[in-house]
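Q: Could you take me through one part of this protein up close? I would like to see how a helix and the loops beside it fit with the rest.

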Amino acid sequence: RDQPRSRGLGDVYKRQIRKRKEEIEEDTYSALPPYDEAIFKLNELDEKLLWQNNKIKEYYSELTEIVRGYIERELKVPALEKTTDEVLDMLKDFKDTEAILTSEDTIKKLRDLLREADLVKFAKSKPLALEIEEDRKDAQDIVSSLKPKPIIEEDDELE
């Protein structure tokens, strides 16, 4: 008789192991603080040698995703779903209200980086190696100097 083969315990076990491995890999990032995660991912991006292998569009997509992801986690805003201008407006508002500690220079670097990436991704722009290296350095500077203003808790013991 042709009966459907029942799944053995081995098959179920293998599937669970595979699923657990995927979960562990995903959690490695989110267990890191936003800054450490961003630096880790930037270093990983360097090792892929994307732009050196003429994958400039892919390189800029990943580079800006890392920076936007950092902004999203560190400032708790939806930076990955926003346009370049929306992200910049949001950060300018934060700066104006002093909700973030950063310089005009950092916001300018972010603006230049996101706009360069947009040109690469949508207008087939090809930056020179020197410009790409500068953008990579700027990405790290942005991550290093874009922080929420610390919230100072009032000490109840002062009463």
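A: Here is a walk around one helix and its surroundings, with a short look at the whole first.

This is a predicted model, in which local features need pLDDT of at least 70, side-chain atom pairs count only at pLDDT 80 or more, and totals for chains, interfaces and linings use all residues. Residues are numbered from 1 along each chain as its sequence is written, and side-chain values use heavy atoms, with hydrogens and water left out.

The protein has six helices and two strands, arranged from the N terminus as α-α-α-α-β-α-α-β. Helices (H or I, at least four residues) and strands (E, at least two) are DSSP runs, numbered from the N terminus. Of the 159 residues, 30% are buried, where buried means under 20% relative accessible area, exposed over 50%, and partly exposed in between (1.4 Å probe, protein chains only).

Now to the helix itself, α4, which covers residues 84-96. Thr 84 belongs to α4 and is buried, with a relative accessible area of 7%. Its side chain makes a polar contact of 3.4 Å with the side chain of Arg 68. A polar contact is a pair of N or O atoms within 3.5 Å; within protein, one must be able to donate a hydrogen and the other to accept it, and residues adjacent in sequence count only if both atoms are side-chain atoms. Setting aside neighbours within four places in sequence, Thr 84 touches Arg 68, Leu 114, Arg 115 and Asp 118; contact here means heavy atoms within 4.5 Å.

Further along α4 you will find Met 90, which is also buried, at 15% relative accessibility. With neighbours within four places in sequence left out, Met 90 is in contact with Val 77 and Lys 82. The C-alpha atoms of Met 90 and Val 77 are 8.9 Å apart, and the two residues are separated by 13 residues along the chain.

Next, step back into the loop between α3 and α4, where Ala 79 sits. Ala 79 is buried, at 0% relative accessibility. Arg 68, which we met as a partner of Thr 84, turns up here too: the C-alpha atoms of Ala 79 and Arg 68 are 5.4 Å apart, with the residues eleven apart along the chain. Again leaving aside neighbours within four places in sequence, Ala 79 contacts Arg 68, Ile 71, Glu 72 and Val 87. Arg 68 is therefore in contact with both Thr 84 and Ala 79, since heavy atoms within 4.5 Å count as contact.

On the other side of α4, the loop leading to β1 (100-101) holds Glu 98. Glu 98 is exposed, at 52% relative accessibility, and its phi is near 60 degrees, a positive value in a residue other than glycine. Asn 54, in the loop between α2 and α3 (56-75), makes a good companion to look at. Asn 54 has a phi near 65 degrees, again positive in a residue other than glycine, and is exposed at 56% relative accessibility.

To sum up the part you asked about: Thr 84 and Met 90 in α4 are buried, as is Ala 79 in the loop between α3 and α4, while Glu 98 in the loop between α4 and β1 is exposed.
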